[in-house]
Amino acid sequence: MTQAQTGPAASGTASAQVIDLADATTDPLLKLVLQQLDDDQAQEVVTIDLEGKSSIADHMVIASGRSTRQVAAMAQKLAEKVKQAGFGPVKLEGLPAADWVLLDAGNVVVHLFRPEVRSFYNLERMWAFGDAPPVAGTA
């Protein structure tokens, strides 16, 4: 059920092609993040390939939770799993409010949102340079 956005299209911009989790095996940290989000029933999971486009990370993962409680639980569990897998500690921002939680795991940056907050900020469109599919709830 988890979906991810793949690498660049022929034109050099981020692709809007959706792939299955099983195909996202190039980066072990990315695979761990996507698997954990799938296990935690994250909604509308999108991965944007930033390799060669940004120095902040190689991949950005954006996902939604149904409530602040689910967003906070997903963030805490994901941070714990990444650390247990040997990828080092994860920096967390926004956990107390849990409307938008940012996890910095080095090469993978994860944004977890409540649906209303996600549609307001629309990071997919910003980082995919307009090639990302629209987020549910936006016009």
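What span should the 17 residues of helix H2 cover at 1.5 Å a residue, and how far apart are its end C-alpha atoms? In this predicted model, helix H2 takes in residues 68–84 and should span 24 Å, and its end C-alpha atoms are 24 Å apart, so expectation and model agree. Just beyond the helix, Gly86 adopts a positive phi of about 90 degrees.

Helix H2 is a good place to begin a tour of the interior. Its buried residues are Gln70, Val71, Ala72, Met74, Ala75, Leu78, Ala79 and Val82. The cover over these residues includes helix H1 (28–39) together with strands E4 (59–64), E5 (91–93), E6 (100–104) and E7 (108–113).

In soluble globular proteins, nonpolar side chains tend to be buried together. Here, the largest nonpolar core holds 24 residues, and those with the most contacts inside it are Val33, Leu37, Val61, Leu103, Val110 and Leu112. At least two residues of this core come from each of H1, E4, H2, E6 and E7. H2 supplies the largest share, with seven residues. Leu112 gives a view of the core from a single side chain: leaving aside residues up to four places away in sequence, Leu112 touches Leu37, Ala63, Val71, Met74, Ala75, Asp99, Trp100, Val101 and Leu103. A second core, separate from this one, has eight residues, among them Val46, Ile48, Phe113 and Val117.

Strand E4 comes next. Six of the six residues of E4 are buried. Both of its faces are covered, with His59, Val61 and Ala63 buried on one side and Met60, Ile62 and Ser64 buried on the other. E4 also has paired strands. Strand E3 (residues 43–49) runs antiparallel to E4 and is joined to it by five bridges; in this pairing, Thr47 stands opposite Val61. E7 runs parallel to E4, and six bridges join the two. Within that pair, Ala63 of E4 faces Leu112 of E7, and Leu112 also counts Ala63 among the residues it touches.

Charged side chains add further links, and the model contains four salt bridges. In one of them, Lys77 meets Asp40 with an N to O distance of 3.5 Å. Lys77 belongs to helix H2 while Asp40 sits in the loop between H1 and E3, so this pair ties together parts that are 37 residues apart in sequence. The two partners differ in their surroundings: Lys77 has 39% relative accessibility and therefore counts as partly exposed, whereas Asp40, with a relative accessible area of 14%, is buried.

Another salt bridge brings Asp99 together with Arg114, their closest N and O atoms being 2.6 Å apart. This pair links distant parts of the chain, since Asp99 lies in the loop between E5 and E6 and Arg114 in the loop between E7 and helix H3 (115–121), 15 residues apart. Asp99 is partly exposed, at 28% relative accessibility. Arg114 also forms a salt bridge with Glu116, at 2.2 Å from N to O. Glu116 is likewise partly exposed, with a relative accessibility of 48%. Through these shared partners, Asp99, Arg114 and Glu116 are joined into one network of salt bridges. Asp99 also leads back to the interior, as one of the residues that Leu112 touches.

Note on methods
Residues numbered from 1 in each chain as written. Predicted model: local features only at pLDDT ≥ 70, side-chain atom pairs only at ≥ 80, totals over all residues. Heavy atoms only, no water. Helix = DSSP H or I, 4+ residues; strand = E, 2+ residues; numbered from the N terminus. Expected span 1.5 Å × (residues − 1). Buried < 20%, exposed > 50% of the residue type's maximum accessible area, 1.4 Å probe, protein only. Contact = heavy atoms within 4.5 Å. Core = buried A, V, L, I, M, F, W, Y, C linked by side-chain atoms within 4.5 Å. Pairing = 2+ DSSP bridges.
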